[in-house]
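Me: I've just opened this one and don't know my way around yet. Can you walk me through it?

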Amino acid sequence: MPDTKTASLQFLGKQYNLPVRIGTEGEAAFDITRLREQSGVITFDEGYGNTGSCESTVTYIDGEKGILRYRGYPIEQLAEHSHFVETAYLVIYGKLPSPVERAKFSDLLTEHAAIHERMVYLFESYPRDAHPMALLGAMVNALACYYPHLATNTHFGDKDNFDEAAATLISKVRTITAMAYRMSRGLPVIYPRRTLKYCENFLHMMFSDPYDHYECPPVVSRAMNLILLLHADHEQNCSTATVRMVASSGANLFASAASGVCALWGPFHGGANQAVIEMLQAIHADGDDGTRFIAEAKLGKNRLMGFGHRIYKNYDPRAKIIGKACEELLQTLGIKDPLLDIARRLEYVALNDSYFVDRKLYPNVDFYSGIMMRAMNIPVNMFTVLFAIGRMPGWVAHWREVAMSGRPRIYRPRQIYTGSVKRDYVPIEQR
Ligand code: SDX
C-alpha cells in the first residue's frame, strides 16, 4: 500500500515531498505550508474551491453525500431533538451541555439581552429606511465601543471574558434586530423580558407593543428555533472564513462578527433568502408558473436563487428539513402562500431538468427559509439578519478557534500578479 501520508510533486526536474493531512472523516489535504520556501512556487485556486485554510473541529460537511454535522451530531437529529440555545452551546463549547450548563448559558443570555441605553441614540442617527443588515453590521461593531472590556485584543490579551463576550453578542443581536425593525416603523422600542426564552423574547421585542404582549404561538417558536439552529454553522463559508481572517489579526469578537455580517449580506451568500422571495414574487407577478423563469435561467438570463452550492453537489440537508417544516408551519397557521406552490414547482422542474442535474444544482438552505419567515411576519429585508442571528454561534466558535489557538498566525494569502511589469515615471508634461 503506497504511503498515503506523503505526496510528491515534480517541477523543473526537482521533486518536492508534500505531507498529506488526513481529517477524522478521512478527507485528505496536500500540506503546502512549506511549498514556496522549498520550490519558490505557490498554488493558485481562485475562490478557494480546493483549498483548506485551517483545521477545524466545529462542523463537518460531506457535499457529495449531503451530510452536515455540528461537533459530530447529525443536523437531522439536532433539528428533531434540540433547540437553538442548546445547539449554540454545542457549536461554541464542543459538547452538549449538562442541565446545569444549559441553564447557566441560558441565564447568561437573559442577563445580556438588553443593550446600552445610549445605543438608542446611535439608531436615531440612521435613516428610517436603512437596510437592517447595514444596521446590524454597524451595531455589532459598535458593541466594542459600549462594552470595551469585552473587546480585548485576544492573541496577547485577556481571554477570561470569552463567555461573557459570546453571550453578549448572541443575546444582543436579537435586541438590535428588533430595535431596527421597530424604529424603522416608528414603533416604540420593546425591551426584553427576563421570563422569556431566547426565540420568544426575540419575537416579543419584535411584535409586542406597550399595551399588548405578543403571545408567541408554540408552532412559531419551534419554527424560529429550527431556522436559527439550521443556520448555526457551516464550516468555511464566505462569511465564516471572513470572521476567521479578521480574528487572525487579533481583532476582537465584535469586530470579527461585524465583518461576518458584511460578507453574509451578498445575494450569492446569506442575502439569497431575500433574493429567493423577490424572485418568487416576480414570477408570481408575471403570472408565470416558473416554466418561463427556468427557461431563462438555463440561458443565463437569471439565476435560480436558493439553488446551487459550492460544497453540496447533492441536496442541502437543511433544505430538506426546512422544506418539510415550512409546509407544516403554513398548514398549522392556515396560510395558503402562492409562493410556496411556485417554489415547489421550480424545485420539481429543476430537479428533472438536465441543465440543473448536470451541474448538480439542488435547493440550498435559502430556498424555503424565506417562505417560513414570511409566515412569521418577518419583513423580507430582515431575512438575512435572521440568518446572521442563527450564524452567530458558528462565528463565535470559529473566532475562538483562531483567537485561542495558542499560536497566533495572521491569514495572508498570496497572489499571481498579472499587472504591468516595471516602468519609469513619466512627468505630466510628457503624457
Ligand atoms: C449560502 O458556502 C456555504 O456554506 C454557504 C451557506 C452557509 O450556510 O453559509 O450554505 C449559505 O450561501 C447558500 C448559497 C445561497 N446562494 C444562492 O442560492 C445564490 C444562487 N446560487 C449561486 O449563485 C451559486 O450556486 C453559488 C454561489 C451558491 C455557488 O456558486 P459556484 O460554486 O461558484 O458555482 P458557479 O457559479 O461556478 O456555477 C457553476 C455552473 C455555472 O454554469 P456554467 O458556467 O457551468 O454553464 O452552475 C450554474 C452557473 O451558471 N449555476 C446556476 C446556479 N448556480 C450555479 N445556474 C442557475 N441558477 C443557479 N442558482
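Me: How many bridges join β1 to strand β2?
Reply: Six. The two strands run antiparallel, and β2 covers residues 14-22. Bear in mind that this is a predicted model.

Me: What is the bridge partner of Ser-8 in β2?
Reply: Asn-17.

Me: In what order do the strands of that open sheet come?
Reply: The order is β1-β2-β3. Three strands form the sheet, with antiparallel pairing. At the edges are β1 (6-11) and β3 (28-30), each of which pairs on one side only. From one strand to the next, the twist averages 30°.

Me: Where does Leu-12 lie?
Reply: In the loop between β1 and β2. Its phi is positive, near 50°, and Leu-12 is not a glycine.

Me: Is Leu-12 buried or exposed?
Reply: Exposed, because its relative accessible area is 74% and the cut-off for exposed is over 50%.

Me: What about Tyr-48, what is its phi?
Reply: About 55°, so again a positive value in a residue that is not a glycine. 

Me: And where does Tyr-48 lie?
Reply: Tyr-48 is in the loop between α1 (35-39) and β4 (59-62). Tyr-48 is exposed, with a relative accessible area of 54%.

Me: New topic, the ligand. How many residues surround it?
Reply: 22 residues. The closest are His-234, Arg-303, His-309, Arg-310 and Arg-318.

Me: Which atom of the ligand is 2.6 Å from the side chain of His-234?
Reply: An oxygen atom. The partner in the His-234 side chain is an N or O atom.

Me: What lies 2.8 Å from a polar side-chain atom of Arg-391?
Reply: An oxygen atom of the ligand.

Me: And which ligand atom is 3.1 Å from the side chain of Tyr-355?
Reply: A nitrogen atom. On the Tyr-355 side, an N or O atom of the side chain is involved.

Me: Now Asp-337. Where is it found?
Reply: In the loop between α14 (317-333) and α15 (338-351).

Me: Does Asp-337 count as buried or exposed, and why?
Reply: Buried, because its relative accessibility is 8%. The cut-off for buried is under 20%.

Me: What does the side chain of Asp-337 reach at 2.8 Å?
Reply: The backbone nitrogen of Leu-339. The Asp-337 side chain also has a polar contact of 2.9 Å with the side chain of Arg-374.

Me: Leaving aside neighbours within four places in sequence, which residues is Asp-337 in contact with?
Reply: Leu-330, Ile-371 and Arg-374.

Me: Last topic. How many disulfides does the structure hold?
Reply: Zero. A disulfide is a covalent bond between the sulfur atoms of two cysteines.

Me: Why is there no bond between Cys-262 and Cys-238?
Reply: Their sulfurs are 11 Å apart, which is too far for a bond. The cut-off is within 2.5 Å. Cys-238 holds the closest cysteine sulfur to that of Cys-262.

Me: Which cysteine sulfur is closest to that of Cys-326?
Reply: The one in Cys-216. The distance is 17 Å, again too far for a bond.

Me: Are those two, Cys-262 and Cys-326, buried or exposed?
Reply: Cys-262 is exposed, with a relative accessible area of 53%. Cys-326 is buried, at 0%.

Terms used. Residues numbered from 1 in each chain as written. Predicted model: local features only at pLDDT ≥ 70, side-chain atom pairs only at ≥ 80, totals over all residues. Heavy atoms only, no water. Helix = DSSP H or I, 4+ residues; strand = E, 2+ residues; numbered from the N terminus. Buried < 20%, exposed > 50% of the residue type's maximum accessible area, 1.4 Å probe, protein only. Polar contact = N/O pair within 3.5 Å; in protein donor to acceptor, adjacent residues only side chain to side chain. Contact = heavy atoms within 4.5 Å. Pairing = 2+ DSSP bridges. Axes fitted to C-alpha atoms, helices over the stretch in contact; angles between N-to-C directions. Near = heavy atom within 4 Å.
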